[in-house]
Amino acid sequence: MTQMKGLTKAQKGRIYSFIAIALVQLLFILAFAWNTRALTAQIPYTDSCNADGADFSPAANLCIAGFNGFVNLITMLLSVGITWFVATVSMIAWRFIAIQKTSVVAETEWKIAKYTWLTFIVISLIGCLVILHFSHLTFCTFLTALPILLLWLLGVLPLQNRYRNWKEISVEP
């Protein structure tokens with residue numbers, strides 16, 4: 001916290017808003033991972049399905065498994081889509097509101113953003129995998145990939161570039 005004393009209100013606002021966006025995205029990822037773990041079969045399996053004296057329970061259970069799997073797939077795709085939408089909208093809005101051509105970015109500011117991003121990567125990936133008991137690896141990858149990428153491309157990288165540009169401008173006579 002002693003590093004934050006030298007920052008202006010705008011710089012503190014950028015950092016706090018970046019951390020808040022990363023936390024919201026992390027909560028979305030972990031909540032959707034928990035939702036996927038807690039999915040139960042929508043239609044219970046049958047023990048007996050007789051038609052004209054023949055047992056059709058294996059065929060009925062196959063259809064039930066297919067439907068339950070399809071519903072789980074749709075739920076996972078919607079989870080990934082919602083997470084991607086929230087990450088895209090929040091990071092694009094943050095990028096154009098927080099970092100402007102006249103913004104002065106301190107070294108501490110982009111370093112805090114970088115460490116926030118690295119922490120986000122570790123917690124989101126490991127948290128998603130632990131919640132899902134290291135299953136659904138593809139789902140975890142898709143769920144976390146775009147938020148991680150957007151936090152880097154629209155958050156950390158512009159802060160770093162703005163800091164380096166400002167540093168070069170202030171050094172020149």
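# Ring pairs, salt bridges and helix packing in a predicted model

Colleague: How many aromatic pairs does the count come to?

Modeller: The count comes to four aromatic pairs, where rings of Phe, Tyr and Trp (its six-membered ring) pair if their centres lie within 6.5 Å; planes under 30 degrees apart count as stacked, over 60 as edge-to-face and the rest as tilted.

Colleague: Why is the pair of Phe-18 and Trp-94 called tilted?

Modeller: The ring centres of Phe-18 and Trp-94 are 5.4 Å apart, and their planes stand at 55 degrees, so the pair belongs to neither the stacked nor the edge-to-face class and is tilted. Phe-18 belongs to helix 1 and Trp-94 to helix 2 (residues 57-98), so this pair ties together parts that are 76 residues apart in sequence. Helices here are DSSP runs (H or I, at least four residues), as are strands (E, at least two), numbered from the N terminus.

Colleague: On what basis should these values be read?

Modeller: This is a predicted model, in which local features need pLDDT of at least 70, side-chain atom pairs count only at pLDDT 80 or more, and totals for chains, interfaces and linings use all residues. Residues are numbered from 1 along each chain as its sequence is written, and side-chain values use heavy atoms, with hydrogens and water left out.

Colleague: Are Phe-18 and Trp-94 buried or exposed?

Modeller: Both Phe-18 and Trp-94 are buried (buried means under 20% relative accessible area, exposed over 50%, partly exposed in between, with a 1.4 Å probe and protein chains only).

Colleague: What makes Phe-28 and Phe-32 an aromatic pair?

Modeller: Their centres are 5.9 Å apart, which is inside the limit for pairing, and with 50 degrees between the planes the pair is tilted. Phe-28 and Phe-32 both belong to helix 1, four residues apart, about one turn of the helix. Phe-28 has 28% relative accessibility and therefore counts as partly exposed, whereas Phe-32, at 16%, counts as buried.

Colleague: How do you know that Arg-14 forms a salt bridge with Glu-109?

Modeller: A salt bridge requires a side-chain nitrogen of Lys or Arg within 4 Å of a carboxyl oxygen of Asp or Glu. The closest N and O atoms of Arg-14 and Glu-109 are 2.4 Å apart, so the pair qualifies. Arg-14 is in helix 1 (residues 9-37) and Glu-109 in helix 3 (residues 107-131), so the salt bridge ties together parts that are 95 residues apart in sequence. Arg-14 and Glu-109 are both buried.

Colleague: How many salt bridges does the count come to, and what makes Lys-111 and Glu-107 one of them?

Modeller: The count comes to two salt bridges. The side chains of Lys-111 and Glu-107 meet at 3.0 Å, N to O, and therefore satisfy the rule. Lys-111 and Glu-107 are four residues apart in helix 3, so about one helical turn separates them. Lys-111, with a relative accessible area of 31%, is partly exposed, and Glu-107 is also partly exposed, at 35%.

Colleague: Why are helix 1 and helix 3 called roughly parallel to each other?

Modeller: The axes of helix 1 and helix 3 come within 10 Å and cross at roughly 5 degrees. Axes are lines fitted to C-alpha atoms, for helices over the stretch in contact, and angles run from 0 to 180 degrees between N-to-C directions. Angles under 35 degrees count as roughly parallel, over 145 as roughly antiparallel, 65 to 115 as roughly perpendicular and the rest as oblique; helix 1 and helix 3 are therefore roughly parallel. Their contact has 15 nonpolar, five polar and three charged residues.

Colleague: How many disulfides does the structure hold?

Modeller: The structure holds zero disulfides, a disulfide being a pair of cysteine sulfur atoms within 2.5 Å. Cys-63 has 58% relative accessibility and so counts as exposed, while Cys-140, with a relative accessible area of 3%, is buried.

Colleague: Where is His-133 placed, and why is His-133 called exposed?

Modeller: His-133 lies in the loop between helix 3 and helix 4 (137-171). Its relative accessible area is 53%, so His-133 is exposed. The C-alpha atoms of His-133 and Arg-37, 96 residues apart along the chain, are separated by 8.5 Å.

Colleague: What is notable about phi of Phe-134?

Modeller: Phi of Phe-134 is near 55 degrees, a positive value in a residue other than glycine. Phe-134 is in the loop between helix 3 and helix 4 and, at 55% relative accessibility, counts as exposed. His-136, also not a glycine, has a positive phi of about 55 degrees. His-136 is found in the loop between helix 3 and helix 4 and, at 37% relative accessibility, counts as partly exposed.

Note on methods. Ala, Val, Leu, Ile, Met, Phe, Trp, Tyr, Cys and Pro count as nonpolar, Asp, Glu, Lys and Arg as charged, and the others, Gly among them, as polar.
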